[in-house]
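New page, new structure. I'm jotting down what I look up as I go.

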Amino acid sequence: MHRRHWLGLAAIAPMVALESRIARIGVALPSNAAESTAWVNARIVTAAGPVIERGVLIVQGRSILAVGSSDQVQVPAGVKTIDVAGKWIVPGLVCTHSHVGGVGAADGSAPIQPGVRILDSINVKESGFKRALAGGLTTLNIMPGSGHLISGQTVYCKLRYAGRGPSTIDDILIRDADGQPLGGLKMANGTNSQGDAPFPGTRGKSAFLVREQYIKAREYHAKVVAAKGDADKLPPRDLHLESLVEAMQGKRIVHHHTHRHDDIITVLRLSQEFGFRVVLHHVSEGWKVAKEIAAAKVPCSVIVIDSPGGKLEARDMTFKNGRVLDEAGVRVAFHTDDWITDSRVFNRSAALAVRAGMNRDRAIEALTIAGAEMLGLEHRIGSLAPAKDADFAILSGDLFSVYTRVLETWVEGQKAFDLSDPDDALYAEGGQGAGFELNPYLCCFGQSWQSGGAK
Amino acid sequence: MRMQTNRTNRKKWCVLAALSLAFTCVDAQWLIAETVVVKGKHIHTVSGKSIENGVIVCVDGKIVSIGEAAGVAIPEGAKVLEAEVVVPGLIDVRSSVGLSGILNVDHDSDHLEASAPLQPELRAIDAYNAREELVEYVRGFGVTTVHTGHAPGELISGQTLIAKTHGGTVEEALLIDGRAVCATIAESSQKSGKQSPGTRGKQMSMLRSLLVEAVEYRTKLAKAAEKAQTKTTGDAEPSDEKNESKPADAAEIARNLKLEALVAVLDGKKALLITADRAQDIASALRLGEEFGIRIWLDSAAEAHQLLPQIKKAGVPVLLHPTMARASGERENITFRSAALLKEEGIPFAIESGFEAYVPKVRVVLFEAAVAAAHGLSKESALESITLAPAKILGISDRVGSIEVGKDADLALYDGDPLEYTTHCVGVVIDGKLFAGESR
């Protein structure tokens with residue numbers, strides 16, 4: 001933390017930082033104080049340093065101008081000031097694994113479909129987005145399901161629902177400097193992605209099919225490189241292989257569904273063979289192989305479910321998973337897997353990990369900056385620091401208390417959720433019109449979702 | 001101290017005598033082993049005032065005295081537990097735990113028999129696995145009693161039972177067998193293609209037809225019983241057939257287990273638990289109850305908030321959906337405020353874990369009540385909704401649901417506010433026996 005260094009210069013130093021950022025993000029920032037807002041007297045959880053007891057957060061345009069204690073940060077004259085004494089301000093929560101938007105990518109025709117994009121399937125009007133905002137979430141990694149070895153490309157979204165909200169998926173994409181939408185690649189192993197042919201029937205076959213495709217992609221890429229841009233020598237474009245090449249180049253992070261300890265190790269093995277950057281998702285038995293995961297320096301996005309089981313490979317799921325992984329030195333985030341758990345109580349996942357002994361600061365990071373790192377977006381989101389996106393939530397109290405309510409959620413300097421607005425409160429509380437009429441498409445449960453398990 | 005039974009009374013005084021006067025009772029050692037004392041900084045009795053720095057004395061599985069530490073004698077040699085907060089053992093008003101197993105595979109899934117839409121004859125006692133891991137799991141959070149059984153998903157899926165969350169067999173765990181018959185009025189209990197029921201109208205028609213059949217069966221049984229009674233007493237009108245009759249005419253009516261289960265419903269011995277989420281299905285459930293004069297328990301009831309006055313007027317209690325149930329499908333209009341709204345309307349309700357087809361394979365009512373408490377329900381009402389309220393609905397409040405002298409020694413111990421996310425259940429007492437709290 002370098003807060004103390006620049007804070008002495010009031011708002012001047014951060015402005016320099018902002019200027020350097022303009023080119024990168026391509027957003028014009030207002031430079032005048034009248035367009036800034038300061039929240040004062042809050043308990044601020046920055047996720048980038050110690051909690052600030054009486055803090056000030058100044059936002060200018062889409063970005064954070066300054067954050068610090070009231071002793072250190074002076075609110076410039078003319079800046080609109082909001083007293084939020086007794087409230088908490090936390091970074092907008094980052095969910096590394098969500099299925100909101102009524103999504104579907106790969107279909108039932110094949111187990112490996114890396115060229116299919118989830119962004120072509122998302123309904124931005126689905127109420128799940130509003131419920132996510134009601135939980136203080138501001139960034140989602142929207143993923144296809146786990147019923148395939150490779151079910152397609154994921155997409156990173158910002159919940160830009162202020163005002164009239166988004167019209168199309170384009171309005172909520174997170175883009176790179178070249179304007180390309182950012183996202184990862186969803187993979188899965190274990191039982192969900194097994195099935196009747198052409199799906200694999202065993203773990204050995206699952207790994208083989210994946211290796212075969214990555215080797216093909218490697219050869220494909222070698223041809224592309226060898227062609228040196230000569231159109232006559234280039235192989236025919238293959239969207240599926242291109243996607244795998246992007247994964248091997250580190251341009252596309254692999255988000256890998258995996259539960260059982262041996263499946264987790266298989267992911268590490270494949271990741272090492274093909275050099276793809278990977279985040280382990282769910283990791284129900286991560287606590288059994290925490291040392292191995294730590295040694296591989298692979299982060300884990302953990303799911304927290306109220307009880308173990310539901311399937312064989314999740315029977316040893318436990319609230320202590322986050323603690324054990326963290327203590328072993330593994331970077332830990334949590335995720336909602338919404339619809340599996342409800343985004344409105346995302347804080348609960350971390351709170352239950354705290355219940356099982358996880359360090360509170362690390363649990364806070366696991367809802368914010370750690371998730372941002374797992375999406376490769378830590379330079380833009382996940383903590384409250386100057387020049388970062390002004391994504392934050394104002395809470396009525398302790399992030400880990402059941403009684404705490406999300407009062408407001410701000411995305412890039414815009415208020416996207418306000419509990420005092422009845423239209424927003426509907427999604428926070430539920431009620432007529434708040435839900436979604438379709439049952440979620442998950443992976444492999446079809447009609448049994450409600451009547452489930454009938455013989 | 002008010003004593004519940006002579007037996008308990010005698011044994012307790014025996015213990016006290018053994019301790020204070022060194023008088024040797026034959027089974028004194030055994031009795032001492034059965035004496036458990038729970039000290040709590042805050043004891044929520046639920047039925048009465050909370051007690052600060054209180055003591056609960058349990059002998060032979062029953063609560064024998066409660067009071068402030070200063071006023072209650074602690075028997076020497078008793079096992080003493082201490083906790084920050086003590087509440088009555090929690091009661092899950094509707095679950096499928098013990099029938100729907102942790103692995104969710106054929107081997108451990110006995111909650112739903114899909115071979116026919118109407119099977120009220122299926123007993124939970126024949127399916128409940130007392131050693132199911134998830135029973136132990138929910139006990140670790142303080143759940144000591146479960147009303148569990150056949151799941152929603154068929155028009156009539158079978159019966160329920162009430163069990164304590166201990167015991168190696170269903171017989172050891174059992175409190176009441178056959179408490180309710182479970183019906184589901186929903187899309188999830190409809191069939192596709194040319195099978196029935198395929199529509200809501202057909203569902204109601206099938207339910208009504210079967211109940212009508214049960215009414216007629218009951219009439220036949222009653223007539224036969226009357227006839228048998230007449231013969232036994234021998235003072236009825238003369239009949240030529242009298243001497244040719246068999247001793248019990250009732251036996252001449254072939255037993256029909258399906259209809260027997262519904263006769264029990266008609267007689268008020270069993271409730272008809274109806275799972276319904278859509279307002280129109282809730283209305284159908286109430287209509288059915290009124291037509292046949294039967295006791296309905298409304299289950300799940302995601303859209304109860306649309307029909308509060310109607311539900312109140314019908315005098316029907318609600319076994320309320322888990323607060324965190326998913327807002328999709330027939331529950332798309334569910335609200336976190338359901339419990340608060342029912343409370344405000346004065347409708348009796350209890351929060352259930354319900355049934356989950358996938359995950360969480362079992363929900364924990366403590367967690368569901370906690371989230372209700374964050375959405376308009378008072379903490380006290382939240383605790384009541386998983387203790388005394390379900391006990392009253394289920395008809396077991398003489399045994400469980402509150403910390404009162406004479407009731408079963410079922411207690412849940414916590415190291416803080418039981419509803420708070422970061423609090424732990426540090427121990428559980430069922431019928432005076434100690435069990436571990438949640439594993440960490």
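**Where the chains meet.** I started with the contact between the two chains, bearing in mind that this is a predicted model. Chain A puts 46 residues into the contact, and chain B puts in 48 residues. Next I asked myself which elements give two or more residues to the side of chain A that touches chain B. I found α9 (346–355) and α13 (448–451) of chain A. Of the elements there, α9(A) gives the most, with five residues. I also sorted that side of chain A by class: 20 residues are nonpolar, 16 are polar and ten are charged.

**Chain A overall.** I then stepped back to the whole chain. Chain A has 13 helices and 17 strands. It runs to 455 residues, and 55% of them count as buried. I looked at its contacts with a separation of 6 or more, too: residues 24 or more positions apart account for 69% of these.

**One helix up close.** I picked helix α4 of chain A, residues 203–227, and checked its length. The expected span of a helix is 1.5 Å times one less than its number of residues. With 25 residues, α4(A) should therefore span 36 Å, and its end C-alpha atoms are indeed 36 Å apart, so the two agree.

Which residues of α4(A) are buried? I noted S206(A), V210(A), Q213(A), Y214(A) and A217(A). These buried residues pack against two other helices of chain A, α5 (239–248) and α6 (261–274). Just after α4(A) comes K228(A), where I read a positive phi of about 45 degrees.

**A sheet in chain B.** Over to the other chain. Here I traced an open sheet of eight strands with mixed pairing, in the order β5-β6-β7-β8-β9-β10-β11-β12 (chain B). Its edge strands are β5 (90–95) and β12 (349–351) of chain B, each pairing on one side only. I looked up the twist as well: neighbouring strands are turned by 25 degrees against each other on average, direction ignored.

At the β5(B) edge, I followed the pairing with β6 of chain B, residues 143–149. The two strands run parallel, and four bridges join them. What stands opposite L90(B) in β6(B)? My note says V143(B).

At the β12(B) edge, I found a helix: α9 of chain B, residues 338–345, lies across β11 (318–320) and β12 of chain B. Its direction makes about 160 degrees with β11(B).

Technical notes
Residues are numbered from 1 along each chain as its sequence is written. Chains are lettered from A and ligands numbered from 1 in the order in which they are written. This is a predicted model: local features need pLDDT of at least 70, side-chain atom pairs count only at pLDDT 80 or more; totals for chains, interfaces and linings use all residues. Two strands pair if DSSP finds at least two bridges between them. Axes are lines fitted to C-alpha atoms, for helices over the stretch in contact, and angles run from 0 to 180 degrees between N-to-C directions. Two residues are in contact if their C-beta atoms, placed from the backbone, lie within 7 Å. Ala, Val, Leu, Ile, Met, Phe, Trp, Tyr, Cys and Pro count as nonpolar, Asp, Glu, Lys and Arg as charged, and the others, Gly among them, as polar. A residue is buried if 20 or more other C-beta atoms lie within 10 Å of its own, exposed if 12 or fewer, and partly exposed in between; C-beta atoms are placed from the backbone.
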